[in-house]
Amino acid sequence: MWLLLLLVPVQVQMRAELKSWDRAVLLGHIGHDSGSFTLADCMLLPRLLLLLQLGASLSAFPALLGYATALAARESVAACRPAHWVPQAPDAGPAPLTGKL
């Protein structure tokens, strides 16, 4: 029970952090619409994909979900995605992100 009490503030902080990144994507500060692939993309995308892999949903953050989907479709990103994350045929290309993997 005490562990749940410790996790609630973490969940609140994580939601606030995701909301701020969602807003940054909406405002065009980062993301595929900004015109370039930056270090911010290199930092944020792996974390978003890991959250999805662990069962989190980004449905409350549609801009982040669109951002992750667009970048995951990049050939360079698909080539370095761990094979066990998304079951697919070897030549199938990147699997689409649905908000929950």
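Modeller: Buried means under 20% relative accessible area, exposed means over 50%, and partly exposed lies in between, with a 1.4 Å probe and protein chains only. The model is predicted, and local features need pLDDT (the predictor's confidence in each residue, from 0 to 100) of at least 70, side-chain atom pairs count only at pLDDT 80 or more, while totals for chains, interfaces and linings use all residues. Residues are numbered from 1 along each chain as its sequence is written, and side-chain values use heavy atoms, leaving out hydrogens and water.

Biologist: Thanks! How many helices and strands are there in the protein?

Modeller: Both are DSSP runs numbered from the N terminus: helices are H or I with at least four residues, strands are E with at least two. From the N terminus on, the elements run α-α-α-α. The count is four helices and zero strands.

Biologist: In which helix is confidence highest?

Modeller: The protein has a mean pLDDT of 76, with 71% of its residues at 70 or more. Confidence is lowest in α1, at a mean of 81. The highest value, 87, belongs to α3.

Biologist: And over which residues does pLDDT stay under 50?

Modeller: Where pLDDT is low, the predicted coordinates should not be read in detail. The stretch in question has seven contacts (heavy atoms within 4.5 Å) beyond four places in sequence. It covers residues 87-94.

Biologist: Which helix gives the most to the largest nonpolar core?

Modeller: A nonpolar core is a set of buried Ala, Val, Leu, Ile, Met, Phe, Trp, Tyr and Cys residues joined through side-chain atoms within 4.5 Å. The largest one here has 21 residues, and L18, L48, L49, L58, L64 and Y67 have the most contacts inside it. α1 (2-26), α2 (39-53) and α3 (62-72) each supply at least two of its residues. With seven residues, the top contributor is α3.

Biologist: Is L58 buried or exposed?

Modeller: L58 lies in the loop between α2 and α3. Leaving aside residues up to four places away in sequence, L18 touches L58, along with L48, L51, F61 and L64. Because its relative accessibility is 1%, L58 counts as buried.

Biologist: What distance separates the C-alpha atoms of L58 and L18?

Modeller: Along the chain, L58 and L18 are 40 residues apart. In space, their C-alpha atoms are separated by 8.7 Å.

Biologist: At about what angle do α2 and α3 pack?

Modeller: Axes are lines fitted to C-alpha atoms, for helices over the stretch in contact, and angles run from 0 to 180 degrees between N-to-C directions. The axes of α2 and α3 are 10 Å apart, with an angle of about 105 degrees. That makes α2 roughly perpendicular to α3, a label for 65 to 115 degrees, whereas under 35 is roughly parallel, over 145 roughly antiparallel and the rest oblique. The contact involves A40, D41, L44, L45, L48 and L49 of α2 and L64, Y67, A68, L71 and A72 of α3, and the angle is about 105 degrees.

Biologist: How many disulfides does the structure hold?

Modeller: A disulfide is a pair of cysteine sulfur atoms within 2.5 Å. The sulfur of C42 has its closest cysteine sulfur in C80, 9.1 Å away, and therefore too far for a bond. The number of disulfides is zero.

Biologist: Is C80 buried or exposed?

Modeller: C42 is partly exposed, at a relative accessible area of 42%. C80 has 59% relative accessibility, so C80 counts as exposed.
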